[in-house]
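Q: I should like to learn how to read the features of a protein model. May we work through one case together?

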Amino acid sequence: MSAPPLNFAAFVMNTTSHILHGAWRAPEAQQHCFNDLDHWIGLAKLLEEARFDFIFFADVVGLYDDYQGDWKKFVDSGLQIPSNDPLVLASAIASHTEHLGIAITSSILQEHPFDFARKISTLDHLSKGRIAWNIVTSLSDNAWRNFGYDGITKHDDRYAWADEYVDVAYKLWEGSWDEGALIQDKTGGLHGDYDRVHKINHVGEHYRVEGPHLVSPSPQRTPVLFQAGSSPAGRRFAARNAEAQFILSPSPDAARTLIADTRRLATEAGREPTELQFFQGLSFVIGSTEEEAARRSRELDELIDPSTIIAHSAGGIGVDLGHYDLDTPIGQIHTEGSQSFLLWLREAVPDREPTVRDLAQLRSRTGRVVGTPEQIADRLEQWRDAGVGGINVINATIPGSYVEFAEHVLPVLRERGLAKREYAEGTSRAKLIGHDRLPESHPAARYRGAFAEVPA
């Protein structure tokens, strides 16, 4: 039985400089037009025409930690500032597309789960079931201070908080309304069935939520669930909750190990391991020949700003690396920030302790695949064989990176059975895993029917 085609997501952010910092200066780049709604609608239409599965919006709710003592570097280089709210874009994109999934990053920090669940359910209705949620815990001190805290909560404690956050959301999405509770009978005048709508009465360490959910069940009820953590705590959280995990493994072999271990954890959590898919983050430099591709890769290197790369990476691990010598071993740096990032760096430099210099050099080429369309297809086949089910396509320029991928790479992938030719019908979850609602083995399913009052 042949392996299924890969899924594809466009990894974007409602800002100018997202991942490949400095590339926005290319003459053809348009990502600095992020304030323009037509920019995003045009991109979404392009992605849908190319049969991408998702437009995947990254997001932050604060600056990364200081670089060389302050935050001037972020403003000077546009490093994710200005940064607009992607949730606001979702309904506009939904109104101009029919099949494209819309994945929104939202932190447990930035919205109360009751209000967040209401917004997501509304968007899932308006999009006819095409909303996904990338669950994050926010890793910068500035983000936490923006919401009234003294600083970032310890790494594993953030995931314990996330456990309660998603639990509240699951109760609202899956348990507050029974199937058929929305009647809307004009003749009889009965709009809803009171006996099938329930308060959840959640009382926990962080939240007290009475309910009921104010939105009737949307096509998916719970959105497609993404998660990006690769630390031990992050992988345990993903194994319990995620349907798709965004990974940045340095090689197919490293991805194979990570995927196998996370699926083992999913089994231990009582889930079917195949319910969890993995999206590898990759960028592509395409040429009609190897020589052209290599030349274009060098030209991209000339655009990239290494100091901004370091400033971004430093924010990811919660340390001002601007004060460290480039040859400082990463092991000498302690952080409560992103443990998964340090794990990635050690996997990328397996034969010795990596340094700050390695970080700068590797991050600028993270996941970059350089070659002809045929060579890129060869490489993607290796990722699929390692267990990767999807590719999160990182851009150098918008819309250029996606135009080139659609025009030159996707036709080769389709010929090899590595990319779909047409969309399946239904919701984003149905397209991804074959059914509209979460399976019974998912922890959210335990709240179905859990809040019906027991008759006296």
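Q: Does Tyr159 count as buried or exposed?

A: This is a predicted model, and every value discussed here is computed from it. A residue counts as buried when its relative accessible area is under 20%. Tyr159 has 9% relative accessibility, so Tyr159 counts as buried.

Q: Where is Tyr159 found, and with which residues is Tyr159 in contact, leaving aside its neighbours within four places in sequence?

A: One first places the residue in its element and then lists its partners. Tyr159 lies in helix H6, which covers residues 155–175. Once neighbours within four places in sequence are set aside, its contacts are Thr137, Gln227, Gly229, Ser231, Ala233, Gly234 and Phe237.

Q: At which residues does UniProt place the feature "binding site"?

A: An annotation of this kind comes from a record. The unreviewed UniProt entry gives "binding site" at Asp59, Thr105, His155, Tyr159, Ser230 and Ser231. Tyr159 is thus one of the annotated residues, and Ser231, one of its contacts, is also in the annotation.

Q: Where is Ser230 found, and is Ser230 buried or exposed?

A: Ser230 belongs to the loop between strand E9 (224–227) and helix H7 (232–241). The cut-off of under 20% applies again. Ser230 counts as buried because its relative accessibility is 10%.

Q: How many of the residues of H7 are buried, and what do they pack against?

A: For a helix, one counts the buried residues and then looks for the elements beside them. In H7, 7 of the 10 residues are buried, so this helix is largely enclosed by the rest of the structure. The buried residues are Ala233, Gly234, Arg235, Phe237, Ala238, Ala239 and Asn241. They pack against strand E4 (131–136), H6, E9, strand E10 (244–247) and helix H8 (252–268). Among these buried residues, Ala233, Gly234 and Phe237 are also contacts of Tyr159.

Q: What radius of gyration does the chain have, and how does that agree with a compact globule?

A: One compares the value in the model with the value for a compact globule. For 456 residues that value would be near 23 Å, and the chain has 22 Å, which agrees. The C-alpha atoms fill a box of roughly 75 × 50 × 45 Å along the principal axes.

Q: How many helices and strands does the chain have, and what percentage of its residues are buried?

A: The chain has 15 helices and 13 strands. Buried residues account for 56% of its 456 residues. Of the contacts between residues at least 6 apart in sequence, 76% join residues at least 24 apart.

How values were computed
Residues are numbered from 1 along each chain as its sequence is written. This is a predicted model: local features need pLDDT of at least 70, side-chain atom pairs count only at pLDDT 80 or more; totals for chains, interfaces and linings use all residues. Side-chain values use heavy atoms; hydrogens and water are left out. UniProt positions are given in the numbering used here, feature names are shortened, and annotations may be inferred rather than shown by experiment. Helices (H or I, at least four residues) and strands (E, at least two) are DSSP runs, numbered from the N terminus. Buried means under 20% relative accessible area, exposed over 50%, partly exposed in between (1.4 Å probe, protein chains only). Contact means heavy atoms within 4.5 Å. The radius of gyration is taken over C-alpha atoms; the globule rule is 2.2 Å times the number of residues to the power 0.38.
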